[in-house]
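Hi,

Here is the structure I said I'd pass on to you. Have a look at it first, then read my notes underneath.

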Amino acid sequence: MTYPWQFDESVQRGTDYGDEGNVTAYDELMLRLRDVEREAAEIAEAISLSPDAVIWEIGTGTGECALRLARCCRHVFATDVSAPMLACARRKADERKIANVTFEIGGFRSGFQPDGQLDAVISQLALHHLPDFWKFQALGAISRRLRPHGRLYLRDVVFPSPIDDYDAFINAAIQELRLSAGEEIATQAVRHFKEEFSTLDWILEGMMERNGLRILRKSRSGILTAYTCESAGMPFSSAAASFAK
Ligand SMILES: C[S@@+](CC[C@H](N)C(=O)[O-])C[C@H]1O[C@@H](n2cnc3c(N)ncnc32)[C@H](O)[C@@H]1O
């Protein structure tokens, strides 16, 4: 059921990934700065990926991670709200002759959603596009889609706590990015903090736990935090009730 007051996931906030030029620039920058092969190996290990697994990546971007994980599982559903991102991802799938990835338009709670219970859900650098209440709703929806003991791997910009002076922390993080990766990424980081919706770690962790997602592992590197969670197999309402006690 959709309601007129629901958050519209099709509207890009912060960097406009609906713009083809921004997508090309993002793809080039990420391929230069990131070791996607290593990231995919870490994710496969975190979610205990098996050859018969069916998984869902939300906010797949140009699909680099989905395409690598597809080599080690049965099927990857990969969704994003950006048509140019998906066009780029589909091109890569064709070029690499990878057939077990389905790229579809969809967000955390709207658009295409895969059928059935999933072995794992993955999302990198995308959940911060939702304000907090909608993150909570998104995590609830993910929790309900996972099979019991299914895994969520979530990596995003998260504010660590406690930090005495967040202004100094953010300024230092931006400067570190400028020195290690250049002006372009520093500009993106400024836009991120100004216009997108990263969350404090204790709030995000509360949202996970209240949605029946047990945190198995947390690792922080600068402004990025990666969480591996396991579905407690509880429906949302019982999970919320058990945490309310
Ligand atoms: C910074 S990119 C990250 C892409 C990819 N996951 C990666 O690690 O390179 C953020 C992506 O999230 C997508 N996005 C924005 N809002 C979204 C939403 N509500 N649901 C799903 N994806 C969303 C954007 O279109 C963009 O492709």
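**Strands side by side**

Let's start in the sheet: Ile122 stands opposite Tyr153 in S5. Those two belong to a longer pairing, as S4 and S5 run parallel and share six bridges. To get from S4 to S5, the chain goes through helix H5 (residues 132-145), and this β-α-β crossover is right-handed. One thing to keep in mind while you click around is that this is a predicted model.

S4 also pairs with strand S1 (residues 54-58), again in parallel, through three bridges. If you want to find that spot, look for Trp56, whose bridge partner in S4 is Val121.

So is strand S4 enclosed or open? Seven of the seven residues of S4 (residues 118-124) are buried, so the strand is largely enclosed by the rest of the structure.

**The whole chain**

Zooming out, the protein chain has nine helices and eight strands. Its radius of gyration is 17 Å, close to the 18 Å that the globule rule gives for 245 residues, so the chain is as compact as a globular protein of that length. The C-alpha trace spans about 50 × 45 × 40 Å along its principal axes. Of the 245 residues, 36% count as buried. Also, if you take the contacts with a separation of 6 or more, 70% of them are between residues 24 or more positions apart.

**Around the ligand**

How many residues surround the ligand? There are 18, and the closest are Gly59, Gly61, Ser82, Gly107 and His129. By type, this shell splits into nine nonpolar, seven polar and two charged residues.

**Some backbone oddities**

Three spots in the backbone are worth a click:

- Ser161 and Pro162 are joined by a cis peptide bond, with omega at about -5°. Pro162 sits in the loop between strand S5 (146-159) and helix H6 (166-181).
- Lys97 isn't a glycine, yet it has a positive phi of about 55°. You'll find Lys97 in the loop between helix H4 (83-95) and strand S3 (101-105). With 6 other C-beta atoms within 10 Å, Lys97 is exposed.
- His149 isn't a glycine either, and its phi is positive at about 70°. This residue is found in strand S5. His149 has 12 other C-beta atoms within 10 Å; since 12 or fewer makes a residue exposed, His149 counts as exposed.

Have fun exploring!

Notes
Residues numbered from 1 in each chain as written. Predicted model: local features only at pLDDT ≥ 70, side-chain atom pairs only at ≥ 80, totals over all residues. Near = placed C-beta within 6 Å. Nonpolar A, V, L, I, M, F, W, Y, C, P; charged D, E, K, R; others polar. Helix = DSSP H or I, 4+ residues; strand = E, 2+ residues; numbered from the N terminus. Buried ≥ 20, exposed ≤ 12 C-beta atoms within 10 Å, placed from the backbone. Rg over C-alpha atoms; globule rule 2.2 N^0.38 Å. Contact = placed C-beta atoms within 7 Å. Pairing = 2+ DSSP bridges. Right-handed = clockwise from strand over helix to strand, strands pointing away.
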